[in-house]
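Colleague: Could you take me through this two-part assembly, with the criteria behind each value stated as we go?

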Amino acid sequence: MFASTALLKSLENEGVKDIFGYPGAAINPFFAVLAGSSINFTLVRAEASAGFAANGYARVSGRVGVRGTNTVGGRSTNTVGVCAATSGAGALGLLPAIACAYADSIPIVAITGQVKTAEVGSDAFQEADIIGAAEPFVKYSYLVKNPNDIPRIVREAFYLAAAGRQGPVLIDIPVDVQEAECDFYYPESVNLRSYNPTREGNVFQIKKAADAIIASKRPLIIAGGGVHSSNAVSLLREFAASMNIPVVSTMMGLGSISGKSTLNLGMIGIHGNSRANNALFEADTLIFIGARAGERSIPTPEKLSGKEIIHVDIDPAEIGKNIIPTIPIVSDCTDFFVKLSARLPERLFETPWATAQEKTSQETLYETSHETPQETPLERYFNVLSEFIAPDTIIVADVGNNQIAASKIRLTDGRFLTSGGMGSMGYALGALIGVLTANREQNSICITGDGGFQMSLAELATIKTYSLPAKIIIVNDSSLGMVKDTAVNMGITSIAGGFATDLSLGNPDFTALAKSYGIKAETVKDFNTDSLKRLLESKSAYLLNVVI
Amino acid sequence: MKRIYSVLVENRSGVLSRIAGLFSRRGFNIESLAVGVTETDDLSRMTIVTDDETDSPERTFEQIRKQLSKMIDTVRVKALSPIECISRELVLMKLRGDAERIAAVCEKTGARVIEETAETITIEIIAADVNVIIKAFEEFEIVETVRTGVISLQKGSSTLM
């Protein structure tokens with residue numbers, strides 16, 4: 001068997017239904033066999049978008065109607081997103097997306113072509129040491145030297161991407177290895193003696209956590225992205241509701257509790273709301289679940305000292321890194337909720353000590369930069385959008401002020417997908433392609449800025465080619481709004497003087513541009529909310545250029 | 001304060017660069033790193049010495065241990081303080097100076113002359129802390145120095161596996 005056929009068969013064995021990518025000479029043998037296979041290939045217009053699409057695809061796994069969702073033991077497992085590119089510049093084009101998946105712990109496998117084995121190290125045409133370049137941003141990587149290793153490597157790569165703390169795995173295959181003859185035997189199991197992640201929390205530690213929660217008067221759950229990775233959303237909701245414990249989220253954790261729940265106090269952090277941040281300050285017991293408490297969420301961890309801090313994370317290295325917990329628990333979120341619930345009474349508090357409606361204190365941990373006393377027209381516009389969207393709507397947000405505004409949209413059973421850790425501009429449009437490839441019927445909206453949109457607008461062609469019903473809102477302030485804001489906050493008041501450019505982008509006519517791709521579009525200058533209805537009701541791709 | 005990490009890793013290409021990269025990108029200080037195969041062909045063993053002069057080195061030491069453990073190629077990690085270990089480092093030094101005097105210093109410090117030529121004398125030093133002994137030879141002209149880095153085993157019958 002050809003090694004590229006072995007690669008394809010291995011991917012089929014892993015249940016792969018879709019691959020996003022961009023071809024090139026060094027990965028041609030694989031693309032040749034991919035063409036006639038059961039796997040659907042999406043040709044993006046830039047490699048990074050393939051990685052972002054794989055990211056969006058992986059993150060919606062487990063939802064109803066999603067292609068490639070696997071079920072193991074009655075529980076849906078996370079689908080690994082797959083992207084592929086050629087050697088050199090092609091592989092390097094995937095790097096921003098690999099780093100993005102690493103920062104947000106999203107399971108993807110990136111497959112790259114490499115120059116011929118004999119040419120490795122000779123600075124051949126389109127040769128890049130992608131293994132070396134990607135090393136800081138991958139969970140693991142493989143340079144395939146022996147074609148017989150392909151099935152084992154693919155098996156391990158998919159296991160590593162989805163097990164424990166999820167993340168990207170890279171497989172780099174020299175073109176001659178892809179063309180070589182090999183044996184095919186797909187391994188049943190993975191045998192990695194050096195990798196045994198802890199899934200189940202220590203019983204003694206969970207008992208300590210239960211005792212602390214019972215003894216507390218004002219416990220607060222801080223839900224992070226791990227709640228989604230662990231498919232623990234419904235468990236968290238049941239737990240919070242039956243115990244009457246309020247919940248705040250990090251940006252990655254948005255959607256873990258319904259925006260309609262009175263227990264949902266909102267998002268913490270420098271871009272969060274004061275209700276949520278005040279709650280951190282007022283609570284006596286903090287239960288961090290699948291949240292790494294990074295500096296954007298908890299900029300002043302020292303102010304939390306004296307509180308009981310329970311920190312649950314699947315990655316031991318996250319515990320004690322940013323905050324020092326009093327009760328550290330290495331565990332999968334799902335396992336934690338199951339074991340913790342068993343140790344608590346059916347109902348802990350008759351009423352929650354804090355709800356979304358009431359303000360209890362003016363004290364706050366820090367100033368939130370994005371709260372204005374009065375609702376801005378954009379906030380009002382998005383508030384209306386919150387009312388209009390279907391309960392399962394997935395918001396795919398880019399990076400910048402558009403992202404912060406979008407984070408205020410009230411989700412019920414939807415998700416908020418964004419590049420939380422790396423802040424990769426151009427993420428949203430690529431990720432939306434992944435979401436819609438996983439399920440064309442998925443209610444979803446890409447919210448991006450004029451900056452991030454221009455980094456990714458070539459993907460309008462992908463959307464058109466595959467007739468994806470992509471709903472896109474550009475929050476268009478004709479500039480790099482957040483860069484401007486941070487400059488002002490840093491005391492660089494004269495943007496023109498402090499920067500090489502005035503940060504206005506000289507935008508094209510986005511409506512005309514979309515139309516040139518054959519995509520329906522309109523420019524909204526007055527926040528007219530009828531435009532939102534037209535966007536949501538459109539059966540095909542639709543772009544709203546909202547000038548603010 | 002010093003901490004010694006004994007790390008058992010899969011004997012594969014790229015592992016050393018992964019471990020070295022981890023230290024550099026997370027801003028951990030490596031004082032020395034020694035690596036070689038073990039009694040089992042597919043395992044290599046590293047001894048990594050770190051030094052942290054800050055007031056609270058424990059948090060850094062714990063992060064280093066956790067980050068090392070997290071690496072997929074890492075089979076086992078143990079962090080030990082120098083007093084819990086039997087440690088050795090080998091130094092080769094090429095010296096210029098009076099041969100009799102060099103021999104006398106060797107006698108006093110436990111160093112050994114390996115090679116004598118008309119122009120230079122090469123010595124070896126094997127010790128837990130070679131720095132003191134190196135100092136003793138500073139009265140001569142030191143032409144070249146090479147050090148292996150510290151290797152350590154835990155005292156007593158405890159092992160890494």
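What follows is an exchange of questions and answers on domains, interfaces and cores.

Modeller: This is a predicted model, in which local features need pLDDT of at least 70 and side-chain atom pairs count only at pLDDT 80 or more, while totals for chains, interfaces and linings use all residues. Residues are numbered from 1 along each chain as its sequence is written, chains are lettered from A and ligands numbered from 1 in the order in which they are written, and side-chain values use heavy atoms, with hydrogens and water left out.

Colleague: Into which domains is chain A divided, and what distance separates the centres of domain 1 and domain 2 of chain A?

Modeller: The bounds, which come from an automatic or database domain assignment, give domain 1 (3-179), domain 2 (203-342) and domain 3 (377-476 + 508-547) in chain A. Taken over C-alpha atoms, the separation between the centres of domain 1 and domain 2 of chain A is 33 Å.

Colleague: How many salt bridges are there between domain 1 and domain 2 of chain A?

Modeller: Contact here means heavy atoms within 4.5 Å, and ten residues from domain 1 of chain A and ten residues from domain 2 of chain A take part. The buried area, that is, the accessible area (1.4 Å probe) that two parts lose on being put together, summed over both, is about 790 Å² between these domains, with 36% given by carbon and sulfur atoms. A:Glu318 and A:Arg165 form a salt bridge with the closest N and O atoms 2.7 Å apart. With a salt bridge defined as a side-chain nitrogen of Lys or Arg within 4 Å of a carboxyl oxygen of Asp or Glu, the count between domain 1 and domain 2 of chain A is two.

Colleague: Which residues of chain A lose the most area to chain B?

Modeller: The size of an interface is often given as the accessible area lost when the parts come together. For chain A and chain B that area is about 1,700 Å², 43% of it on carbon and sulfur atoms, and the contact takes 21 residues from chain A and 18 residues from chain B. On the chain A side, 37% of what is buried belongs together to the residues that lose the most area, namely A:Tyr140, A:Arg193 and A:Ser194.

Colleague: How many residue pairs are in polar contact across the interface of chain A and chain B?

Modeller: Five salt bridges are counted between chain A and chain B, and in one salt bridge the side chains of A:Asp315 and B:Lys70 meet at 2.6 Å, N to O. A polar contact is a pair of N or O atoms within 3.5 Å, where within protein one must be able to donate a hydrogen and the other to accept it, and residues adjacent in sequence count only if both atoms are side-chain atoms. By that rule, with both residues at pLDDT 80 or more, the number of pairs across this interface is 13.

Colleague: Which helix gives the largest share of the largest nonpolar core?

Modeller: A nonpolar core is a set of buried Ala, Val, Leu, Ile, Met, Phe, Trp, Tyr and Cys residues joined through side-chain atoms within 4.5 Å; the largest has 54 residues, and A:Leu170, A:Phe453 and A:Ile472 are among those with the most contacts inside it. Helices (H or I, at least four residues) and strands (E, at least two) are DSSP runs, numbered from the N terminus, and the largest share of this core, nine residues, comes from chain A helix H15 (residues 427-438).

Colleague: Why does A:Thr412 count as buried?

Modeller: A:Thr412 lies in the chain A loop between helix H14 (401-406) and strand S16 (415-417), and its side chain reaches the backbone oxygen of A:Pro391 at 2.9 Å. Buried means under 20% relative accessible area, exposed over 50%, and partly exposed in between (1.4 Å probe, protein chains only). A:Thr412 counts as buried because its relative accessibility is 13%.

Colleague: How many salt bridges are counted between domain 1 and domain 2 of chain B?

Modeller: Chain B is assigned domain 1 (2-80) and domain 2 (85-152), with 28 Å between their centres, taken over C-alpha atoms. These domains bury about 530 Å² between them, 59% of it on carbon and sulfur atoms. Three residue pairs are in polar contact across the interface (both at pLDDT 80 or more), whereas the count of salt bridges is zero.
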